Amino acid sequence: MRLIRCEVISVRRHRELALEFAPGLTVIGGANESGKSSLVEALHRTLFVRAASSVSASQDLHSQIHAGHPQIKIEFETSEQQWTLLKCFSGPSGTTQLKAKGQVGLIGSAAEDQLAKVLGIDEILTSRQVKKSLPTRWAHLWVKQGESGRNLLSLGHEHYDLNNLIECLEQQAEKSLQSPLDQRVHTHLERLVSESLSTRGVRQQSLLWKRQEALKVAKRHHLETLQQLQVFEVSCEELDHIEQQLQILELELLPELRQQRQILSELQEALRQLKPLRLQNQQLERSLASRLKLCTDSTACEKKLIILEQELKDLDKICTAGNNHLKDAQIQMAELEQTRQALEERGVSLRQMKDRDALQRRVQFCNRQDEERRHLTSQQQQLSTQLKALEGISPEELLKLTKTQEELRAVVIRIESMASKILVESSDQTIAIEGSSLQQGESCEQTGVFRIDVGDNVRLRISPGEGTGLASLEESKKVLQIAFKTGLKLANAGSLEEAQQCNEQRNHLLQQQALLKAQLNQINSSPDTTTSTIEDLRFQLDELNQILKSKSSIQESDLEEELKECRNDYRELIEYKNIYQKKVHQIEVQQDARQKQWQQKCLEIERLNAEQQQRLKQRASLEEEGGSQEQLTQLMHESNLQKEKLERSVSALLLPTPTQWHADPSAALETLDRQERQLTEQRHDLGTQRGALLERCESLGRADLHSAVDEASVKLALAEKAEQEEALLIRARSHLLQRFQEARSDLSQRYSSPLKRNIDQILKPLLQNSQEGCSLRYDTREGLQELSLQRDGTLFNFNQLSGGMKEQLNAAVRIAIADTLKEHHGGCLPLLFDDAFTNTDTVRLDGVLNMLQHAVKRGLQVIVLSCDSDPYKSVADKIIMID
């Protein structure tokens with residue numbers, strides 16, 4: 001089969017595209033997104049997908065930018081004739097037309113069936129088969145974009161048309177691999193095994209399946225009879241067991257339970273009678289104990305009262321003595337307080353006299369400060385008058401005047417440096433310089449511009465320095481002289497020295513004025529120098545004098561010494577007073593403690609008397625209620641005798657009962673009642689079960705179960721024997737078929753020889769020496785496997801190769817398979833590579849081109865789609881560029 005021409009309309013990016021293919025190598029170039037892969041997909045689906053498939057099957061062909069349904073036309077030829085295929089993918093309403101040259105065209109399903117026959121495939125795919133089967137169609141011939149690095153042989157035998165390939169390889173093998181008889185035997189064995197077995201196990205409705213089903217029915221029947229026999233035997237055993245349980249329950253458990261219940265009832269009655277006797281004894285014991293305690297407490301209380309009364313008398317004597325001692329101490333404290341007040345008054349007077357002397361000194365100091373302030377103020381006024389009388393300029397103006405004088409001197413010096421000397425060497429006429437005549441042999445010096453008169457009619461004007469700058473210097477000199485005179489006038493001085501002297505005098509007066517101001521500020525900063533402060537001091541002094549006049553008894557001798565002596569006396573008195581006050585406080589505390597102790601003892605005596613009276617009343621009340629001590633003792637003895645008699649009866653009843661019933665016979669009686677109810681219910685349940693088991697045994701006993709089991713066992717044995725014989729026959733056939741396949745597998749290794757030689761020959765431009773080559777293996781079930789490459793003495797698996805080498809080896813395998821299969825397709829097959837050599841470097845690309853040329857020489861059609869068509873120009877029969 002060879003592609004001649006194709007037309008594509010409304011497919012993805014292509015609105016309308018027509019291409020003609022060369023019989024040899026056709027290169028289709030174009031940039032990315034130019035629609036090369038869209039063209040491949042359109043050709044692939046047109047050849048292998050029904051046009052009337054659902055929309056989802058042709059969704060990838062629809063254009064998003066062009067209107068209309070995808071329509072593809074392909075012209076191709078086989079060894080017999082030329083064909084034209086036209087498909088329009090419009091969902092279920094899609095159309096197919098197939099026409100051979102010179103014949104009537106076919107449409108619809110007839111066209112699809114004829115197309116499948118021409119292509120050598122089973123059928124054209126429907127929409128349900130597209131997703132699963134479309135990638136396998138011509139996967140060994142067409143390499144789509146991104147699939148060049150995948151191992152073709154690892155994808156499965158359906159990807160490379162294994163059956164036709166094996167048939168072609170058998171024809172190319174060195175000798176015949178099997179006879180026709182072997183083939184018929186192998187086919188017959190396969191049919192026999194397939195009639196009984198499938199890939200999922202035993203085939204339904206086969207003889208082995210029927211034998212197995214019969215065996216299952218026999219096993220199920222045998223199991224049911226065994227179960228029925230087992231149920232009958234178990235029911236009989238359960239019936240015997242229930243009969244035994246009923247007998248035990250009625251003859252043993254219930255009578256024993258009723259006897260225990262009778263004993264517990266008698267025990268409960270005895271305990272009920274014993275309980276009030278025990279309570280009565282306890283009350284009598286408590287009454288006797290309380291009376292004994294009252295007697296004991298009364299005796300102890302009388303003894304304690306005697307002791308407390310004696311202690312109270314002793315404590316009265318001690319308190320009286322303490323009160324007397326405390327009164328003496330309080331009198332002494334009053335005398336010490338009077339002495340302290342006298343010393344305190346004397347100290348106050350002495351301090352007032354001392355304060356008066358200090359005030360007098362402060363008043364005198366203030367008077368002196370005031371007199372000095374008036375003197376300094378007078379001097380400050382005199383200096384201010386002198387400063388006003390002394391006229392002058394400020395220091396800044398004086399500095400400016402000094403600078404003006406220096407600039408004036410500099411200008412004068414520059415002018416004088418430009419002076420001219422005139423010497424009259426000889427003359428016959430009169431010469432006058434600035435009106436002064438000059439005789440022969442005389443000379444004079446002139447500065448600045450001057451005039452010379454020679455004779456009557458000649459006058460010369462001389463400008464020193466060639467007249468440059470002198471005028472400006474003279475102008476500057478005048479300006480500076482005016483400024484200097486103005487400054488001296490402002491300073492009221494005749495010269496700069498006089499102005500400087502005047503400025504120095506002014507500075508001296510200012511310094512004296514600042515010194516006086518600082519002294520005045522120092523005096524004014526003193527708090528005692530203000531008028532109000534002085535008046536306050538004088539007022540305080542007058543008050544102290546008035547106070548001291550009223551205390552005429554104090555003599556003004558050495559105040560400091562007397563004050564010191566007064567302070568020492570006061571301190572000693574305070575210390576002695578504090579010590580004595582602590583003693584007084586201690587005495588008071590002791591007296592308070594004795595007083596509290598006396599009060600406590602009085603309260604204790606009152607409390608004991610009250611308790612004693614209460615005990616007497618209580619004792620009398622007890623005798624009125626319960627009688628005398630002797631009566632209580634007699635009653636106690638009689639109650640003990642009755643209690644002992646009942647306790648012996650209880651002990652006799654407790655002997656045959658369990659220990660856990662002794663603590664609470666009522667609870668034990670309730671337990672027995674509950675057990676009796678449970679036993680009654682159990683007897684009822686057992687009766688019900690007994691009736692049901694009797695009915696079941698009678699029902700099962702009507703049939704002969706043992707005979708039924710024997711009969712089912714015989715049928716099971718026959719079914720097992722039949723199933724085993726059939727299974728053995730199937731295993732024998734399967735074993736024979738396996739041995740046949742193993743023998744064929746050993747022979748079929750020769751299938752790989754012509755394919756391997758073909759691949760090595762195609763790879764020759766890329767291999768370094770004859771020792772290198774590919775390796776693969778054939779399996780009767782899995783097909784061709786384990787594709788690898790021998791390089792430098794090492795066998796590399798396909799997954800271990802580089803990306804470029806994978807592409808090249810895959811291309812060689814496809815060329816070899818196409819070369820093998822071409823005889824079944826009219827001597828030619830189209831090989832298509834869509835960007836299949838993207839990882840191949842430029843060095844190995846020449847080897848790839850040689851491979852493609854080798855394929856063309858063998859009669860194959862090669863179509864290459866690439867973004868870069870330049871490397872293929874040297875070998876391509878036709879180059880098509882898609883814009």
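These legends describe four views of a predicted model.

**View 1. The whole protein, with its 18 helices and 22 strands.** The protein has 883 residues, and 37% of them count as buried. Its accessible surface comes to about 53,700 Å², and carbon and sulfur atoms account for 49% of that surface. Among contacts between residues at least 6 apart in sequence, 72% join residues at least 24 apart.

**View 2. His-62 and the residues it touches.** His-62 sits in the loop that runs between helix H1 (36-48) and strand E4 (71-77). Leaving aside residues up to four places away in sequence, the contacts of His-62 are Arg-12, Val-55, His-69, Pro-70 and Phe-89. The relative accessible area of His-62 is 18%. Because buried means under 20%, His-62 counts as buried.

**View 3. Helix H17, residues 803-821.** H17 has 19 residues, so at 1.5 Å a residue the helix should span 27 Å. The C-alpha atoms at its ends are 27 Å apart, in agreement with that expected span. The helix is mostly covered, with 18 of its 19 residues buried.

**View 4. The second largest pocket and its lining.** The space in this pocket is about 360 Å³. Its lining is made up of 22 residues, and His-44, Leu-134, Pro-135, Lys-144 and Glu-147 are the ones nearest the centre of the pocket. By class, 10 lining residues are charged, eight are nonpolar and four are polar. Helix H1 supplies at least two residues of this lining, and so does helix H3 (127-133).

Key. Residues numbered from 1 in each chain as written. Predicted model: local features only at pLDDT ≥ 70, side-chain atom pairs only at ≥ 80, totals over all residues. Heavy atoms only, no water. Helix = DSSP H or I, 4+ residues; strand = E, 2+ residues; numbered from the N terminus. Buried < 20%, exposed > 50% of the residue type's maximum accessible area, 1.4 Å probe, protein only. Contact = heavy atoms within 4.5 Å. Expected span 1.5 Å × (residues − 1). Areas by Shrake-Rupley, 256 points an atom, 1.4 Å probe, with all protein chains shown as cover. 1 Å grid on protein atoms, 1.4 Å probe; cavity = no way out; pocket = protein on both sides within 12 Å on 5 of 7 lines; lining within 4 Å. Points joined across faces, edges and corners; volume = space filled by probe spheres on them. Nonpolar A, V, L, I, M, F, W, Y, C, P; charged D, E, K, R; others polar.
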